[in-house]
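Me: I should like a close look at one part of this model, set in the context of the rest. Please begin with the backbone and proceed to the packing.

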Amino acid sequence: MIKFLLRRFIQMGILFVIFLSVIWLILQLMPGDVSDTLIGDPSIPLTARADLRARLGLDQPLHIQYFTYITNFFRGDLGVSFSRYPQEVSAILWNALPRTLYLFLTATLFAFWLGFKTGKLIAWGRGGKTEQGLIVGGVFLQTVFYPWFAIVMLWLFGFFLGWFPIGRFIDARLWQGAPFLANDVFELIVLTVVITGVLYGLMRLAIKRFATNPVVEHRLRQGAALVTVGGLLLYWYLSPMRTYAADIAHHTVLPVVTLGLVAFGATMLLTRSSMLETLGEDYILTARAKGLHDRAIRDRHAARNAMLPVTTSLVLALAFVIGGGIITETIFSWPGMGLIFLQAIGVNDLPLAIGALSITGVLALVGHLVADILYTVLDPRIRIS
Amino acid sequence: MSINERTTKHEVSRATGDDLARELATRALADTPIWRIRLRLFRRSFARNWALFRDNKLGLVGLAMIAIFAVMAIIHPILMATVWDPAIYDPVVGYDSVAVEVTVVEEVTDPISEMEYQEARLRFGPLTSLGDTVTVRLQPAPPTLAGDYPHFLGTDPQGRDIFSQLLYSTRAAFLLGAVAALTTVLFATTVGAIAAYYGGWIDGGLMRFADLILLMPLLPLLIVLSAAFSINMVMLGLLIGVLNGFGGTAIVLKSQALAIKVKAYIDAARVAGGGDWHVIFRHIVPNVLPLTFLFMMFGVTEAIAIEATLSFFGLLNVPMTWGVMINTAQTQGYLLSGTDFWWLLFPAGLAVSFLAFAFFIVGRGMDEVINPRLRAR
């Protein structure tokens with residue numbers, strides 16, 4: 001295992017350097033540079049543009065720029081953003097990453113939880129009208145033109161029904177003169193949600209170990225969910241940041257639901273086909289022959305094994321949050337990585353664009369590794385070699 | 001297919017002591033040109049697979065939807081050549097606007113009506129007075145069926161016919177889908193078969209390359225490329241095809257090719273003196289092909305969505321596609337118009353979704369043909 005991980009880490013390192021070089025090169029292919037933004041103003045002399053280029057090091061030969069960038073990158077210095085000049089790239093990204101991750105984690109986890117349950121049920125009770133309807137709905141959600149779907153959702157719930165704010169992360173009027181920074185409140189929200197999730201997970205594990213009766217176990221599980229979620233809500237109700245946190249949460253609902261619906265369709269279909277494959281296995285027949293209860297066969301024997309491809313796709317989906325984030329964040333004006341990347345590309349802000357893409361690369365690499373390790377945990381027949 | 005051909009030839013040489021009828025039959029088979037036997041085998045397997053595919057009602061619906069879209073793509077040039085006046089119905093440079101008689105404010109009562117009155121005087125000349133009727137040219141205009149130039153789906157903010165744009169874009173979508181799917185399959189089968197057949201460092205190199213491509217986030221990469229170069233439809237199709245063909249699809253097809261590589265007929269072909277290329281392209285690739293049809297269908301779905309997204313951001317160098325139609329509605333400020341200007345957003349958005357949907361469910365139907373476990377019992 002250790003040897004495997006070591007080899008894997010070396011491979012990942014090499015792959016990452018190549019990846020970084022390739023995206024660096026591709027971004028260099030973009031015509032012009034950041035000094036072009038000064039063309040529009042006739043009062044800026046030509047020397048000022050040359051000055052800017054010299055100051056940013058854009059006048060040096062490409063290979064020197066490349067080596068400077070790569071060495072700085074591995075020293076942890078991602079450079080300074082061109083378009084938001086004095087700000088460091090790492091600071092901008094560090095600011096935006098939690099927002100993107102939070103959006104995606106909530107949407108994806110919720111979609112996967114619901115999609116797995118539905119997919120499991122429709123594969124088990126195969127051939128009904130409900131199944132057909134859900135499949136058509138799932139395929140539609142998976143293939144729907146996502147920007148259009150997001151616009152329609154925004155129009156329907158934000159504009160027509162007026163249930164949710166139209167885009168953005170916070171309501172500027174409410175936050176005027178607020179005693180807190182939006183990011184601090186947001187980070188606290190993320191922290192408390194994560195703590196709640198971990199607590200609930202631990203309680204579930206404990207219940208599974210000590211409960212003897214399935215009915216009791218079910219009741220206890222419901223109780224645990226009630227206690228943890230209730231505790232979270234109570235904490236925020238008593239907190240002085242209450243209204244501000246509610247504002248952020250209110251702004252989160254629509255993008256999360258939109259993103260979640262699309263992921264839900266894909267997960268449900270994947271679970272269904274994976275479940276159908278497992279249902280044909282011999283051990284299902286064995287379980288039936290043993291006279292096990294239908295629900296035990298479905299949940300403990302079939303669904304457990306059908307989880308493998310679904311888990312992999314979950315981990316890999318998390319690895320591509322920035323690619324998927326571009327559309328969601330643009331339409332909902334959500335200030336995350338995707339929006340920052342798109343803006344950076346628009347104004348030739350190379351360090352910021354490369355920085356955003358490099359985070360994608362890291363997430364993808366880690367995602368692949370985690371998927372491989374999870375596979376061996378979920379299916380002991382698979383050994384790491 | 002090749003294995004059948006070989007056994008028939010073999011039988012001809014051995015059939016000496018058997019009864020006459022059988023010998024005649026085999027001789028007849030031996031005399032038939034090889035392409036005919038192949039055609040017959042192909043027809044037989046096609047009929048068998050079609051029977052399996054037909055069980056999947058959803059797949060049939062998908063085929064019907066694709067057929068409707070194909071008709072849409074075909075009738076556009078015909079309509080342009082016969083019925084439609086290009087000056088009005090051209091999807092890119094056509095122009096028409098519906099004239100509507102509007103009464104200028106009857107009476108100035110509050111600041112709003114005062115402003116409307118001043119606006120009317122600015123637009124229609126200083127002689128315009130209260131209560132006059134003026135002719136306003138509407139664009140975007142709602143669907144009209146009457147008049148010399150009916151617009152079934154209205155016009156866009158620049159006075160262009162939406163229905164014509166919709167039909168025109170269908171052709172572009174099919175072109176893109178075909179290019180992307182064929183390129184994907186061409187590269188993926190070749191890479192997969194070569195990696196599986198040779199193994200060793202060739203396999204390792206190709207698979208590491210595939211890993212690298214898998215790392216690349218497709219959409220951001222294409223956004224960068226389309227911002228850097230002026231990319232048109234065919235180039236985009238090739239790009240998506242190459243990236244998919246060397247990436248994920250190649251890995252799946254390689255594992256399929258590995259399963260075929262150990263089959264007895266591959267050894268037979270090698271023993272019979274077949275070279276590496278012969279074995280790869282005549283024996284491994286044809287046997288991987290059924291699976292590639294599946295990836296072609298899903299590839300079309302993906303390509304359509306990517307093109308529409310890039311056009312939506314206004315990054316592609318294409319005159320008119322469904323994505324451009326939505327981009328037009330967005331940049332002209334009709335993004336949240338919803339049902340008030342439904343003909344701007346809904347036809348294009350639904351067209352992208354439905355075509356992708358159709359290809360996807362056809363792909364799923366094929367999946368059930370290829371993968372017996374998914375079939376209904």
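Which residue follows helix 11 of chain A, and what is the sign of its phi?

Reply: The residue is Gly291(A), and its phi is positive, near 80 degrees. This is a predicted model, in which local features need pLDDT of at least 70 and side-chain atom pairs count only at pLDDT 80 or more, while totals for chains, interfaces and linings use all residues. Residues are numbered from 1 along each chain as its sequence is written, and chains are lettered from A and ligands numbered from 1 in the order in which they are written.

Helix 11 of chain A covers residues 282-289 (helices are DSSP runs of H or I with at least four residues, strands are runs of E with at least two, and both are numbered from the N terminus). None of its eight residues is buried, so helix 11 of chain A lies largely in the open. Here a residue is buried if 20 or more other C-beta atoms lie within 10 Å of its own, exposed if 12 or fewer, and partly exposed in between, with C-beta atoms placed from the backbone.

Helix 14 of chain A, residues 337-346, offers a counterpart. Eight of its 10 residues are buried, so the rest of the structure largely encloses helix 14 of chain A. Among these buried residues are Met337(A), Leu339(A), Ile340(A), Phe341(A) and Leu342(A). Their cover includes helix 4, helix 13 (321-331) and helix 15 of chain A, and also helix 9 of chain B.

The loops on either side of helix 14 of chain A deserve attention for their backbone. Most residues other than glycine have a negative phi. Ser333(A), which is not a glycine, nevertheless has a positive phi of about 45 degrees; its place is the loop between helix 13 and helix 14 of chain A. Ser333(A) counts as partly exposed because it has 15 C-beta neighbours inside 10 Å. Just after helix 14 of chain A, Asn348(A) takes a positive phi of about 60 degrees, and Asn348(A) too is a residue other than glycine. Asn348(A) lies in the loop between helix 14 and helix 15 of chain A, and with 21 other C-beta atoms within 10 Å it is buried.

Two of the covering helices also pack on one another. The axes of helix 4 (residues 89-124) and helix 15 (residues 350-378) of chain A come within 10 Å and cross at roughly 50 degrees; axes are lines fitted to C-alpha atoms, for helices over the stretch in contact, and angles run from 0 to 180 degrees between N-to-C directions. That angle makes helix 4 of chain A oblique to helix 15 of chain A (under 35 degrees counts as roughly parallel, over 145 as roughly antiparallel, 65 to 115 as roughly perpendicular, and the rest as oblique). The crossing is right-handed, the near helix being turned clockwise from the far one by less than a right angle, whereas anticlockwise would be left-handed. Val89(A), Ile92(A), Leu93(A) and Leu97(A) of helix 4 of chain A make the contact with residues of helix 15 of chain A including Pro351(A), Leu352(A) and Ile359(A). Two residues are in contact if their C-beta atoms, placed from the backbone, lie within 7 Å. By class, this contact has eight nonpolar residues, one polar and no charged (Ala, Val, Leu, Ile, Met, Phe, Trp, Tyr, Cys and Pro are nonpolar, Asp, Glu, Lys and Arg charged, and the others, Gly among them, polar).

A second packed pair in chain A may be set beside it. Helix 6 (residues 146-160) and helix 10 (residues 242-279) of chain A pack at about 140 degrees, with their axes 10 Å apart. At this angle helix 6 of chain A is oblique to helix 10 of chain A, and the crossing is right-handed. On the helix 10 side, Leu254(A), Thr258(A) and Val262(A) meet residues of helix 6 of chain A, among them Phe149(A), Met153(A) and Phe157(A). The contact comprises eight nonpolar, two polar and no charged residues.

As for the wider setting, chain A has 15 helices and zero strands. Buried residues make up 33% of its 385 residues. Chain B brings 33 residues into contact with 39 residues of chain A. Helix 9 (218-228) of chain B, part of the cover of helix 14 of chain A, is one of the helices supplying at least two residues to the side of chain B that touches chain A. That side has 26 nonpolar, five polar and two charged residues.
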